[in-house]
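Visitor: Could you take me through one part of this model up close? I'd like to see what sits around ligand 1, and then how the helices pack.

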Amino acid sequence: MRDGAVAAIDVRDLTKVFGSGADRVRALDRVSLTIAPNEFFTLLGPSGCGKTTLLRLIAGFEQPSEGQIFLDGDDIAGRPPFKRPVNTVFQSYALFPHMTVAQNVAFGLEMQGWETARIGRRVAEMLELVRMETLGDRRPGQLSGGQQQRVALARALANAPRVLLLDEPLSALDFKLRKEMQVELKRLQRETGITFVFVTHDQEEALTMSDRVAVMSDGRVQQAGGPDEIYERPVNRFVADFIGETNFLPAEVAQRGARYRVPGGALLSGRDPHDHAEGAEVTLAVRPERVDLLPDGTAPGNATAADATVGEDVLAGRVAQVVYFGTDTLYILELDGVPGEFQVRVQNRQGAQAEFAVAARVGVRVDPRAVQVLVD
Ligand code: ADP
Ligand code: MG
């Protein structure tokens, strides 16, 4: 966010505890987040990590145990939901079944005392925005799931809230419709300029739709940043594991902030945002698509290595399994001296890549930019 700009939402040290005694649940644990105006911000995490609780606190349906929430710079503690410039879209649409589409969209505006002609214009505008202009007279029961969700969006956008909260709005839709609605939601956010706080447990949805993502687990924000930052530079094992596929390698710091020795003796280079001391035991995260497979000749133990320095940024091993995925091929390797398996994904571009059979000896060249040292 620009310096000096007021955040749309600023959450500071927010804690929410439900129940007491043995039933006590700490749903949120000192969560701090800043969401910029017009941002498409996503809360991503597994079921039970506190995503809905955070939305309900922002909307005012629940009160925090500790901490503060600022909307456009104002502390909104004690302000009831209807006095917050915030609307929510739920997974379950929550439309009024006995009202038409147009009446559903008009409902909130009538509650707010808008005059009839203005409501009519606004409803038409909203139905056009969500591409439902011909279906205003239908009832929710006569609509598909995707159409019902469009009505719910039109209703939530009708009074132009500053912030729209969306709690897993696409998870009830089938795959193809979900893809369509992802594009649709991005368009709506761009066209309206409203700040979206979107909740999902689907990492691909989070990466493809968001300006920024907060990865949550156990009531805490593990990392917040742009999709590329979260993917390329995960700070800990949870984030690296939850987002995409990752190889974890045990290692010892051989040179602080620069080089790491893995079991079997190979040295890898990479960055260490946590600046571990020399000799420290660390875990390296390496993405399967960020490494190259080398033919046998370049693997350690064979002195004819032509295009790789043996043991320097090159691991040695054997192909255990080959899985063809169409766009790419997954090689499951057993590395010399390293427990567990190591995965490599190679794009299937015609003629561009040598193929490797099960049991072949291979080298794995690891680009230093592909190596990230984790906190745990
Ligand atoms: P998510 O939306 O990420 O799946 P929730 O925010 O719904 O997670 O829940 C976070 C934790 O808080 C869970 O352990 C859940 O059981 C608990 N929780 C949520 N709401 C309540 C409530 N009203 N009473 C007791 N526990 C709750
Ligand atoms: Mg939830």
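Guide: Here is a walk around the ligand, followed by a look at the helices.

First, some ground rules: this is a predicted model, where local features need pLDDT of at least 70 and side-chain atom pairs count only at pLDDT 80 or more, while totals for chains, interfaces and linings use all residues. Residues are numbered from 1 along each chain as its sequence is written, chains are lettered from A and ligands numbered from 1 in the order in which they are written, and side-chain values use heavy atoms, with hydrogens and water left out.

Around ligand 1 you'll find Phe18, Val25, Ala27, Pro46, Ser47, Gly48, Cys49, Gly50, Lys51, Thr52 and Thr53, each with a heavy atom within 4 Å of the ligand. This shell splits into 5 nonpolar, 5 polar and 1 charged (Ala, Val, Leu, Ile, Met, Phe, Trp, Tyr, Cys and Pro count as nonpolar, Asp, Glu, Lys and Arg as charged, and the others, Gly among them, as polar).

Now zoom in on the ligand's oxygen atoms. A backbone N or O atom of Gly48 is 2.6 Å from one oxygen atom of ligand 1, and a backbone N or O atom of Gly50 is 3.0 Å from an oxygen atom of ligand 1. Lys51 uses its side chain: an N or O atom there lies 2.9 Å from an oxygen atom of ligand 1. On its own, ligand 1 exposes 560 Å², and the protein buries 60% of that (areas come from the Shrake-Rupley method with a 1.4 Å probe). Two elements give two or more residues to the shell, β2 (25-35) and α1 (51-59), and α1 has the largest share, 3 residues. Helices here are DSSP runs of H or I with at least four residues, and strands are E runs of at least two, numbered from the N terminus.

On to the helices. The axes (lines fitted to C-alpha atoms over the stretch in contact, with angles from 0 to 180 degrees between N-to-C directions) of α2 (residues 101-111) and α3 (residues 116-129) come within 9 Å and cross at roughly 125 degrees. That's why α2 and α3 are oblique to each other: under 35 degrees counts as roughly parallel, over 145 as roughly antiparallel, 65 to 115 as roughly perpendicular and the rest as oblique. α2 also packs with α4 (residues 145-157), at about 30 degrees with axes 7 Å apart, so α2 is roughly parallel to α4. Finally, α4 and α5 (residues 175-192) have axes that come within 11 Å and cross at roughly 15 degrees, which makes α4 roughly parallel to α5.

Methods. A polar contact is a pair of N or O atoms within 3.5 Å; within protein, one must be able to donate a hydrogen and the other to accept it, and residues adjacent in sequence count only if both atoms are side-chain atoms.
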